[in-house]
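Trainee: I should like to learn how the features of a structural model are read. May we work through one together?

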Amino acid sequence: MSPHPTALLGLVLCLAQMIHTQEGALPRPSISAEPGTVIPLGSPVTFRCQGPVGVHAFRLERENRFQYKDNYDVSLVSPFLSEATFRIDSVSEDSAGHYRCIYHKASRWSQHSEQLELVVKGTVPDTEASGFDLL
């Protein structure tokens, strides 16, 4: 006995909707900095990137897409939210600037988060490495 044509049509439409939903734009991640966005020279800062469950990796980008760091150590913080952290142990004047996150899920990259501006306060010692290199 073959399935009823209406039942088959319903199944096809349901599968098509699931595929369309999966191919839609991924939700935008969020970014935050702890203990804040104004950090004294030489102090640590941790960037926190958050996105939906099922993320394979987060990427923290600085200023442009050519400076970035990937983190595959993704934690589940709730049934609906995952995150990764990026730490700079000692910020320098070079650490200041705009940062944003993206994530990789289902074989594609998400939209970018809003930009976060990191401000470093204090005087600059003679030799400092770029804080982004320390991620």
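Trainee: Which kind of contact do the side chains of R87 and D89 form?

Mentor: Please keep in mind that this is a predicted model. The contact in question is a salt bridge, with N and O 2.8 Å apart, between the side chains of R87 and D89. R87 itself has 43% relative accessibility, so it counts as partly exposed.

Trainee: How many salt bridges does the structure hold?

Mentor: There are 6 salt bridges in the structure. One of them joins the side chains of R59 and D70, at 2.6 Å from N to O. Since R59 belongs to strand β4 and D70 to strand β5 (residues 67-71), this pair ties together parts of the chain 11 residues apart in sequence.

Trainee: Are R59 and D70 buried or exposed, and how does one decide?

Mentor: The general idea is a cut-off: a residue is buried under 20% relative accessible area and exposed over 50%, with partly exposed in between. R59, at 15% relative accessibility, therefore counts as buried. D70, at 23%, counts as partly exposed.

Trainee: Which residue forms a salt bridge with R100?

Mentor: The partner is E61, and the closest N and O atoms of the two are 3.4 Å apart. R100 lies in strand β8 (residues 97-105) and E61 in strand β4, so this salt bridge ties together parts 39 residues apart in sequence. The accessibility reading is made in the manner just described. E61 has 3% relative accessibility and so counts as buried, whereas R100, at 22%, counts as partly exposed.

Trainee: Which residues are linked in a network of salt bridges?

Mentor: The network is made up of E34, R48 and E83. E34 also appears when one reads the faces of strand β1 (residues 30-34): the uncovered face holds S30, S32 and E34, and the covered face holds I31 and A33.

Trainee: How is β1 paired with β3?

Mentor: One reads the direction and the number of bridges. β1 and β3 pair in the antiparallel sense, over 5 bridges. Within this pairing, S32 stands opposite R48 in β3, and R48 is also a member of the network with E34 and E83.

Trainee: What joins β6 to β7?

Mentor: A hairpin joins them, through 2 residues. Strand β6 (residues 75-78) and strand β7 (residues 81-88) run antiparallel and are joined by 3 bridges. As for the register, S78 stands opposite L81 in β7.

Trainee: How many aromatic pairs are there, and how is the geometry of such a pair read?

Mentor: The structure holds 2 aromatic pairs. For F47 and Y99, the ring centres are 4.4 Å apart and the planes stand at 35°, so the pair is tilted. This pair links distant parts of the chain, with F47 in strand β3 and Y99 in strand β8, 52 residues apart. Both F47 and Y99 are buried.

Trainee: Where does P44 lie, and which residues does it touch?

Mentor: For a loop residue, one reads its place first and its contacts next. P44 is in the loop between β2 (38-40) and β3 (45-52). Leaving aside residues up to four places away in sequence, P44 touches P35, I39, R87, I88 and D89. Two of these contacts, R87 and D89, are the salt-bridge partners with which we began. The C-alpha atoms of P44 and E34 are 8.7 Å apart, for a separation of 10 residues along the chain. P44 has 33% relative accessibility and so counts as partly exposed.

Trainee: Which residues form a nonpolar patch on the surface?

Mentor: The patch consists of V53, L76 and F80, which together have about 350 Å² of accessible area. V53 is placed in the loop between β3 and β4 (57-62). Its relative accessibility is 33%, so V53 counts as partly exposed.

Trainee: What does the chain look like as a whole?

Mentor: Its secondary structure comes to 1 helix and 10 strands, and from the N terminus the order is α-β-β-β-β-β-β-β-β-β-β. Of the 135 residues, 33% are buried. The accessible surface comes to about 8,400 Å², with 56% belonging to carbon and sulfur atoms. Finally, among contacts between residues at least 6 apart in sequence, 68% join residues at least 24 apart.

Note on methods:
Residues are numbered from 1 along each chain as its sequence is written. This is a predicted model: local features need pLDDT of at least 70, side-chain atom pairs count only at pLDDT 80 or more; totals for chains, interfaces and linings use all residues. Side-chain values use heavy atoms; hydrogens and water are left out. Helices (H or I, at least four residues) and strands (E, at least two) are DSSP runs, numbered from the N terminus. Buried means under 20% relative accessible area, exposed over 50%, partly exposed in between (1.4 Å probe, protein chains only). Contact means heavy atoms within 4.5 Å. Patches are made of residues with over 30% relative accessible area and no salt bridge: like charges are joined within 9 Å, nonpolar side chains (Val, Leu, Ile, Met, Phe, Trp, Tyr) within 5 Å. Accessible areas come from the Shrake-Rupley method with a 1.4 Å probe; for residues, only the protein chains shown count as cover. A salt bridge is a side-chain nitrogen of Lys or Arg within 4 Å of a carboxyl oxygen of Asp or Glu. Two strands pair if DSSP finds at least two bridges between them. Rings of Phe, Tyr and Trp (its six-membered ring) pair if their centres lie within 6.5 Å; planes under 30 degrees apart count as stacked, over 60 as edge-to-face and the rest as tilted.
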